Amino acid sequence: MNKYIRVIIIFLIAAQLVMSSYYIGKWSYSMLRSYLVYRNTPRVERIFTTAREEYDCSLAIMKYLPQDANILWIPAVSHMVNYYIYPRKIYHIKDFREDETIEIDKDFLSSRKIGYVLFDYGKLFSISDIQIIDSGSKVIITRR
Amino acid sequence: MYYLWFIISILLFFITGNAVLKLIDHKYRYHNTIERVVISYFLGVGIVALIQLYAMCCRIPLTKTNILLLLLPFFIVQAYFCVTKKNIVFKSKSISHRIGQIGLHGKEAVLTVYLVLLCLIMLFACLSFPIYSYDARAVWSFKAKIIFYQHSVFNDDFLDQYRFHPNTAYPLLMPLCQSFIYNILGSVDEYLVKILFALFYISLVLFIYHTQRDFFSLGRLHSLIFTAVSVSVPFLFVIFSGSVPSAYIDFPFACFYTFTVVYLLKYLREHNLVHIIIAALSAAFCIFIKNEGGVLFLISLAIFIGEKKVAKGFIIYLLLPIALTLPWFWLRAKFPVIYDSNPLHFLTFTNVMQGFPRFGLVMKLTLREMFLNLRSWGLLWVIIFFSVALSFKKDCYSHINRREYYLCVIPFFYYFIVVTFIYMFFAPLKVPTEIEFSGTSFERLRSHTLFLLMLFISLQISAFFRKKETAD
């Protein structure tokens, strides 16, 4: 019985090493190929994520907005964009209403020094171009 | 100059770790060269992060000058031992002498070349691409970026809930190490910072080999084979989320956990306080690198039950990690809990009732992932199950110490149960699909205890073969 177990163990370990080497070799080859492509591609074109919109949006923000511009993002959530554009800051507001408006505290925009509002990927508005309706202690933000 | 600062930043981890090791173990009696280099790196990474944490708690901004000043005592300790010639790690004569003595032949030489090749591939994979996978950017590296730019966590990126920073309260060990490199370099470098992960991989290769040779007293060929099997698991290379080059934190966590348990076992066997201090420090790093570290720390405490003459070791192992990580828990309490993936939040009566019928599906996906996903695992799970089944065989199990069995196999089953429960009860909004199952958490959660399990299997198979040879 032990003799068979011994043979099985040796076979399994040899097979595991061969299989691992095969997959690592295959992966290394494709990695090397993508590295060569990547090295010769301008940074703007280097897309790693499937979320192409997020990446494009990050690049647009980095390209067109000043370094110290803070952004209010309604209602999308993107941690990728957060990462890419830092130290520019994005403040996320989730409670988007059906009439495409958002109600927030009155001093929110000034205390966070928000210069831009992003309603969706690529739809970026300067704070001076959006409509802000005063309603007591809150303000309602909407697109013009 | 830029690359010189980069090399200095890496050397600082080793110098800090080596200085701490020297302070713990004045006589250097219990560690050989490989072990000292590995310990220096592991301790260095953890201590550098903890020192930055304490500085943040004291409201000291994490600038390059401040960090270098904070690490100055470690340079002085290192310089003192270099001057007094008590340092063995950086004695080239000692290392070259050892290399000359190795004398590898045949299969051993082939396996050594194979392991060197794996390390080189990993080094290239880490340094040739920037941080690309989802959580690595959105969670871990984002924290590193914030700390680098703001020099602290006391800013609205961490404290303002509208910043919507995912998993704000996740432990900061790796982000602090990453921001440490950024601070020394003077800028964010998404490529060079990944050297940390490559060095973890190389350290683990050396550590697994050394543990088998030195602690388990196994043969050189046997140790090389099982080191190769353990570190060549395809998912460590090929998976998008959770592999070593993906810069997820799971791999460094697995390294620290393996390190902790091996030193705990060493202490229980030799009753040398140096080992329990190293294990306790490493346990503290486990807690400070990932939330799961706390649970595994609690599991490992149970190993002291029934042991004799371990009171001093138990107190050190219990209190040192708690004392070292208390500032982290104090800091963490200040962060707002938003968008935090706290699984207990989902543990409601309705979710539990909805989750039970999923058991069959989760089991099916688990088994398929383990045994049919050859691209990620090869035949590893067949080997693991075969070996665990073998351990119940009467004449084989007798060779395995109960401590090794408890510390290697129990955490593995703990993860098995936890992952099953997560997919059954804690993800109520969507039924798990195959893609989610294999592409997100399966590999990386299983990897936490994998290397320890492989050490156990190596020990067990060696015992089985030895037993057979004796019988012959």
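In this predicted model, domain 1 of chain B meets domain 2 of chain B through 33 residues on the domain 1 side and 27 residues on the domain 2 side. Domain 1 is made of two segments, 1-90 and 106-341, while domain 2 covers 345-472. On the domain 1 side of this contact, five helices of chain B each give at least two residues: α9 (195-215), α10 (220-231), α11 (235-238), α12 (250-270) and α14 (292-301). The largest share, ten residues, belongs to α12(B). Sorted by class, the domain 1 side that touches domain 2 holds 23 nonpolar residues, eight polar residues and two charged residues.

Two of these helices, α12(B) and α14(B), also pack against each other. Two packed helices are described by the angle between their axes and the distance between the axes. For α12(B) and α14(B), the axes come within 12 Å and cross at roughly 15°. Angles under 35 degrees count as roughly parallel, and α12(B) and α14(B) are therefore roughly parallel to each other. Their crossing is right-handed. From α12(B), the contact uses B:Phe253, B:Tyr257, B:Thr260, B:Val261 and B:Leu264, and from α14(B) it uses B:Gly293, B:Leu296 and B:Ser300. Five of the residues in this helix contact are nonpolar and three are polar, with no charged residue among them.

Chain B also touches chain A. Here 35 residues of chain B are in contact with 30 residues of chain A. The chain B side draws two or more residues from each of α5 (106-128), α6 (134-150), α10, α11, α18 (374-377), α19 (380-391) and α22 (434-471) of chain B. Within this side, α6(B) provides the largest share, with seven residues. The class count for the chain B side is 26 nonpolar, four polar and five charged residues. Helices α10 and α11 of chain B thus appear in both settings: they supply residues to the domain 1 side that touches domain 2, and they supply residues to the side that touches chain A.

The chain as a whole gives the background to these contacts. Chain B has 22 helices and zero strands. Of its 472 residues, 46% are buried. Among contacts in chain B between residues at least 6 apart in sequence, 81% join residues at least 24 apart.

Note on methods. Residues numbered from 1 in each chain as written. Chains lettered and ligands numbered in written order. Predicted model: local features only at pLDDT ≥ 70, side-chain atom pairs only at ≥ 80, totals over all residues. Domains from an automatic or database assignment. Contact = placed C-beta atoms within 7 Å. Helix = DSSP H or I, 4+ residues; strand = E, 2+ residues; numbered from the N terminus. Nonpolar A, V, L, I, M, F, W, Y, C, P; charged D, E, K, R; others polar. Buried ≥ 20, exposed ≤ 12 C-beta atoms within 10 Å, placed from the backbone. Axes fitted to C-alpha atoms, helices over the stretch in contact; angles between N-to-C directions. Parallel < 35°, antiparallel > 145°, perpendicular 65-115°, else oblique. Left-handed = near helix turned anticlockwise from the far one by under 90°.
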